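Trainee: I would like to go through the labels used for this model and ask what each one rests on.
Mentor: Ask about one label at a time, and we will set the value against the cut-off.

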Amino acid sequence: MTEPEEVNPTPDHPSVAEQYHEHTKYSLESISMLPSPDFASKPPVFKNYLSDKSIDLMPYLKGVQSRSSKDSTSKDLASPDPGTADLSEEQASIARISRLLFHTGGITGKIETEAGTQFFRASPSAGALYPTEVYLASQDAIGLPDGIHYYAVRSHELIPLWEGRFKTEFNRYCLREPSLKSSKMWIILSGIFKRSSWRYHERAYRRILLDTGHLLGNLVSYASEEGLVANPIASFHDDAINDLMFFDRDEEVSLVVVPLQEASEDFSEHVQAPFPFTVPDESPPQTGAEAKQLSTRVNPEDDLMRTLHRHSSLEPNTEKKTESPKYPALQNSIKETRDASGPVVLRSSSKLTICDLPRVIRERRSTRQFDRTSLALREVSGILKDAYAPVANYRSSDPCSGRASFPYIDPTLISTYLVVLRVDGMPPGIYQYDEVEGSFHLRKEGQFELELWRLCLDQQLGRDCGAAIIHTSDLTQAVDRYGDRAYRYIHLDAGHIGQRINIGAISVGLGVSGIGGFFDEDINNLLDLPQNQITAYITLLGSPSH
């Protein structure tokens with residue numbers, strides 16, 4: 001691979017993140033040039049570790065109803081619930097871990113096909129390739145030996161990889177994030193490049209980050225069911241964490257570290273920082289606010305996603321000063337354009353109540369067909385308000401006050417648009433969503449069914465849905481703040497928000513499907529966005545066809 005050339009930044013030489021995004025845009029021409037997947041070389045979606053010290057988590061899932069028939073490689077998930085009264089303290093602790101991991105990314109069902117058994121998991125994945133792996137690290141946790149454990153999803157067990165007390169190292173490499181200091185368990189989410197690149201080629205990096213965001217959505221949402229608080233850390237010294245995990249960096253990389261804190265404890269002194277740490281002065285230029293002191297000319301023939309990941313990595317020098325922003329990273333563009341964006345058609349007080357979150361997560365499936373029935377405005381509004389509820393904490397003038405929750409990385413980087421096709425009480429058109437006020441601002445009135453159909457790669461879901469939620473970001477402004485690492489933050493948060501929307505939609509009986517493949521330029525044209533605004537993700541809502 002040719003080593004990228006460092007050059008002075010000009011409009012002709014933008015950041016690596018901007019170049020990566022430009023080179024991985026879909027168009028009719030670019031899609032026609034992509035090779036067909038070679039199914040003979042498809043990577044496996046499960047890892048295989050052997051250990052005589054594995055911790056079987058399956059017995060603690062008794063009473064958890066599986067949607068489909070039982071997995072022939074596992075025990076029955078639909079056994080009578082024995083209750084927890086007879087469990088020891090250690091068993092109760094492991095039972096909680098079992099449920100948490102299962103509802104984060106466990107196998108929730110299966111079907112038999114001509115190609116073999118297809119497994120469904122708690123979180124969605126583009127092409128069912130599941131590039132994200134889950135690891136659990138522990139120190140002084142009840143029922144678990146100190147060390148790093150691998151979550152074997154197929155057998156639902158924890159496999160010890162390395163014994164030892166690693167909290168000091170994680171704390172140092174995570175820039176001494178306060179929430180990690182008070183945690184006895186923390187989860188590491190990694191991405192395996194080739195699982196997604198086998199099908200999606202260089203665009204796979206987008207898919208890996210979105211899929212990891214999906215798991216974050218489940219983990220953060222479900223944690224409260226077990227009396228835990230999960231707030232992700234996305235700024236850390238990459239190579240140091242990867243080396244600690246013994247990852248081959250060309251194959252697998254760490255993406256997020258998630259401390260698990262007891263919700264019942266007073267952790268006011270260890271509250272999650274509201275925004276990712278930055279290293280503004282002494283860091284390499286590509287990793288902080290000085291990112292554009294140097295840029296890199298990327299050769300589109302090179303390995304683009306690994307180039308971007310490498311250039312968005314923080315170097316392991318703990319002597320460098322770290323800062324955590326205390327105010328919103330970006331201004332709310334709605335407030336800046338309110339006069340030009342049309343009337344507020346809704347400032348809704350609709351709220352969504354999810355009565356049985358575990359059941360909703362287990363029953364979640366991506367909808368394959370909508371029946372073109374109109375949606376109820378209160379349901380659409382409630383789903384969005386629930387997904388974006390934590391964002392107000394980030395926009396507070398004093399975000400660290402009280403016991404505010406910060407489940408996202410920096411959602412102020414994301415702007416959300418709604419393309420309405422069929423929603424009772426809303427004229428068809430394009431709206432911008434104000435996530436703090438819960439209001440919709442009309443930007444362009446009209447019926448854009450054909451345009452949405454086309455930009456979703458001619459998928460009928462785009463034509464038949466009731467509304468499309470489009471997550472965009474000003475990538476140039478984001479890179480100015482966080483460097484190339486901003487690309488990770490945008491897509492991790494977009495996937496996380498998308499999964500919260502999935503959960504909300506399923507809870508009210510709507511169909512929902514995430515779209516990570518689309519014609520990028522067509523979206524900018526439809527929304528009248530400049531080129532520095534990128535689209536990270538689309539979530540379609542509709543009435544499911546049965």
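Trainee: Which residues is Asn524 in contact with, leaving aside its neighbours within four places in sequence?
Mentor: Asn524 is in contact with Leu529, Pro530, Gln531 and Gln533. The word contact requires heavy atoms within 4.5 Å. Bear in mind that this is a predicted model, so each distance is computed from predicted positions.

Trainee: What makes the approach of Asn524 to the backbone oxygen of Pro530 a polar contact?
Mentor: The side chain of Asn524 reaches that oxygen at 2.9 Å. The cut-off for a pair of N or O atoms is 3.5 Å, so 2.9 Å qualifies.

Trainee: Why is Asn524 called buried?
Mentor: Its relative accessibility is 5%, and buried means under 20%, so Asn524 counts as buried. Asn524 is found in helix α18, residues 520-527.

Trainee: Why does Thr472 get the label buried?
Mentor: Thr472 has a relative accessible area of 1%. That value falls under the 20% limit, so the label applies. Thr472 lies in strand β18, residues 467-474. Leaving aside neighbours within four places in sequence, Thr472 has contacts that include Leu413, Ile414, Tyr417, Leu527 and Leu529.

Trainee: Why is Lys167 called buried, given that Lys counts as charged?
Mentor: The label rests on area: Lys167 has a relative accessible area of 16%, and the limit is 20%, so Lys167 is buried. Its place is in helix α4, residues 167-173.

Trainee: What does the side chain of Lys167 have within polar-contact distance?
Mentor: The backbone oxygen of Ser183 lies 2.6 Å from a polar atom of that side chain. Ser183 is also among the residues in contact with Lys167, together with Gln139, Leu180, Lys181, Ser182 and Trp186.

Trainee: What makes Arg96 and Glu262 a salt bridge?
Mentor: Their side chains meet at 2.6 Å, N to O. The cut-off is 4 Å between a side-chain nitrogen of Lys or Arg and a carboxyl oxygen of Asp or Glu, so the pair qualifies. Arg96 lies in helix α3 (residues 89-105) and Glu262 in strand β10 (residues 252-262), so the bridge ties together parts that are 166 residues apart in sequence.

Trainee: Why do Arg96 and Glu262 get separate burial labels?
Mentor: Arg96 has a relative accessible area of 19%, so Arg96 is buried. Glu262 has 25%, so Glu262 is partly exposed. The limit between the two labels is 20%.

Trainee: How do you know that Arg99 and Glu226 form a salt bridge?
Mentor: The closest N and O atoms of Arg99 and Glu226 are 2.7 Å apart, and the limit is 4 Å, so the rule is met. Arg99 lies in helix α3 and Glu226 in the loop between α7 and β9, so the pair ties together parts that are 127 residues apart in sequence. At 23%, Arg99 is partly exposed, whereas Glu226 counts as buried at 10%.

Trainee: What makes Asp238 and Arg485 a link between distant parts of the chain?
Mentor: Asp238 is in helix α8 and Arg485 in the loop between α16 and α17, 247 residues apart. Asp238 and Arg485 form a salt bridge, with the closest N and O atoms 2.7 Å apart. Both Asp238 and Arg485 are buried.

Trainee: How many salt bridges does this rule give?
Mentor: The count comes to 25. Arg372, Arg422, Glu449, Arg463 and Asp464 are linked in a network of them.

Trainee: What is in the largest nonpolar core?
Mentor: That core has 106 residues, and those with the most contacts inside it are Leu158, Ile187, Leu418 and Tyr487. Ile187 touches residues that include Leu100, Val134, Leu219 and Val257.

Trainee: How do you know that α1 and α16 pack, and at what angle?
Mentor: Helix α1 and helix α16 pack at an angle of about 150 degrees, with their axes 9 Å apart. The contact is made by Ala17, Glu18 and His21 of α1 and Leu475, Thr476 and Val479 of α16.

Methods:
Residues numbered from 1 in each chain as written. Predicted model: local features only at pLDDT ≥ 70, side-chain atom pairs only at ≥ 80, totals over all residues. Heavy atoms only, no water. Axes fitted to C-alpha atoms, helices over the stretch in contact; angles between N-to-C directions. Helix = DSSP H or I, 4+ residues; strand = E, 2+ residues; numbered from the N terminus. Core = buried A, V, L, I, M, F, W, Y, C linked by side-chain atoms within 4.5 Å. Buried < 20%, exposed > 50% of the residue type's maximum accessible area, 1.4 Å probe, protein only. Polar contact = N/O pair within 3.5 Å; in protein donor to acceptor, adjacent residues only side chain to side chain.
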